[in-house]
Amino acid sequence: MISVIEYYAKALTKSRASLISFAVRPLSFIFLLTVVSGGKLFPTALIGGMISFVAGVGIADLAIEIAGMKTRSKFYDILSTLPVHPLKLGLGISVGMSIPALPYLVILIVTLTYVRGLSLLRIAQIILLLAFLWLWSVFVGLYISVKLKEPIVIMRVSNITLTALTVFVLVYYPMKFLQTFPTKLFSFYRRQAVHT
């Protein structure tokens, strides 16, 4: 299992492009929400970025990697013959794939601590919750990759699942925006109807 972790950690941290592409999605959402809200949503966007990093490794990256392994039959054959339980193998792959996310998570946690003045207890709670979220996302990613057969379907389903769980629900924005959204949408359509 250690060798699997080392393999994925080295493979994903070998190139700068890989490290940057890993962070593009969460950091772009943090940037977008901070700019659009004039900085008001910056702390919430930081939390959303952390959740997106952690959930993305399990739900999207792990599921897509296992789908890719099915097509790269030689590599898949070697891994499947290792004397390791499939669950441990999945955890090993996910730990290795999560290593590039650690520096980004540390930066986000430090920034949130600075912005919100978090106590050590609150920081420990955040880290514990992120660990539980990571473990849950690994199981979701494993479930998707085992239940579905075609790699392209796995990629689409994992992408839809990750977007639904990290963009449309209360991850990057607070509850008050969701409560006022239907009213704003209704007002927008009413204004559009008046102008036409």
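**What pattern does the protein chain follow when read along the sequence?** In this predicted model, the chain runs α-α-α-α-α-α-α-α-α from start to end. Put as a count, that's nine helices and zero strands.

**View 1. The whole chain, inside and out.** Before zooming in, here's the overall picture. The chain has 196 residues, and 37% of them are buried. Its exposed surface comes to about 12,100 Å², with 72% of that supplied by carbon and sulfur atoms. Now look at who touches whom: take the contacts between residues at least 6 apart in sequence, and 81% of them join residues at least 24 apart.

**View 2. The largest nonpolar core brings 33 residues together.** Met 50, Phe 53, Ile 93 and Leu 130 are the ones with the most contacts inside this core. Helix 2 (16-36), helix 3, helix 5, helix 6 and helix 7 each chip in at least two residues. Helix 3 gives the largest share, with nine residues.

**View 3. Met 50 and the residues it touches.** Set aside the neighbours within four places in sequence, and which residues is Met 50 in contact with? They are Leu 105, Leu 108, Ile 109, Leu 112, Ile 126 and Leu 130.

**View 4. A second core, separate from the big one.** This core is made of nine residues. Among them are Ile 59, Ala 67, Ile 144 and Ile 154.

**View 5. The second largest pocket, with a volume of about 270 Å³.** Its lining counts 15 residues, and the ones nearest the centre are Val 54, Leu 102, Leu 105, Leu 130 and Trp 134. Helix 3 (42-71), helix 5 (86-98), helix 6 (101-116) and helix 7 (120-147) are the elements that give two or more residues to this lining. Helix 6 provides the largest share, five residues. What about the chemistry of the lining? Sorted by class, it has 14 nonpolar residues, one polar and no charged ones. Two of the names here may ring a bell: Leu 130 is also one of the residues with the most contacts inside the largest core, and Leu 105 is on the list of Met 50 contacts.

**View 6. Gly 96, tucked into helix 5.** Is Gly 96 buried or exposed? Gly 96 counts as buried because its relative accessibility is 0%, and the cut-off for buried is under 20%. Look for Ser 3 in this view too: Gly 96 and Ser 3 sit 93 residues apart in sequence, yet their C-alpha atoms are 9.3 Å apart in space.

Conventions
Residues are numbered from 1 along each chain as its sequence is written. This is a predicted model: local features need pLDDT of at least 70, side-chain atom pairs count only at pLDDT 80 or more; totals for chains, interfaces and linings use all residues. Side-chain values use heavy atoms; hydrogens and water are left out. On a 1 Å grid over the protein atoms alone, a cavity is a set of points where a 1.4 Å probe fits but cannot get out, and a pocket is an open set with protein on both sides within 12 Å along at least five of seven lines; lining residues have an atom within 4 Å of a point. Grid points are joined across faces, edges and corners, and a volume is the space filled by probe spheres set on the points. Helices (H or I, at least four residues) and strands (E, at least two) are DSSP runs, numbered from the N terminus. Ala, Val, Leu, Ile, Met, Phe, Trp, Tyr, Cys and Pro count as nonpolar, Asp, Glu, Lys and Arg as charged, and the others, Gly among them, as polar. Buried means under 20% relative accessible area, exposed over 50%, partly exposed in between (1.4 Å probe, protein chains only). Contact means heavy atoms within 4.5 Å. Accessible areas come from the Shrake-Rupley method with a 1.4 Å probe; for residues, only the protein chains shown count as cover. A nonpolar core is a set of buried Ala, Val, Leu, Ile, Met, Phe, Trp, Tyr and Cys residues joined through side-chain atoms within 4.5 Å.
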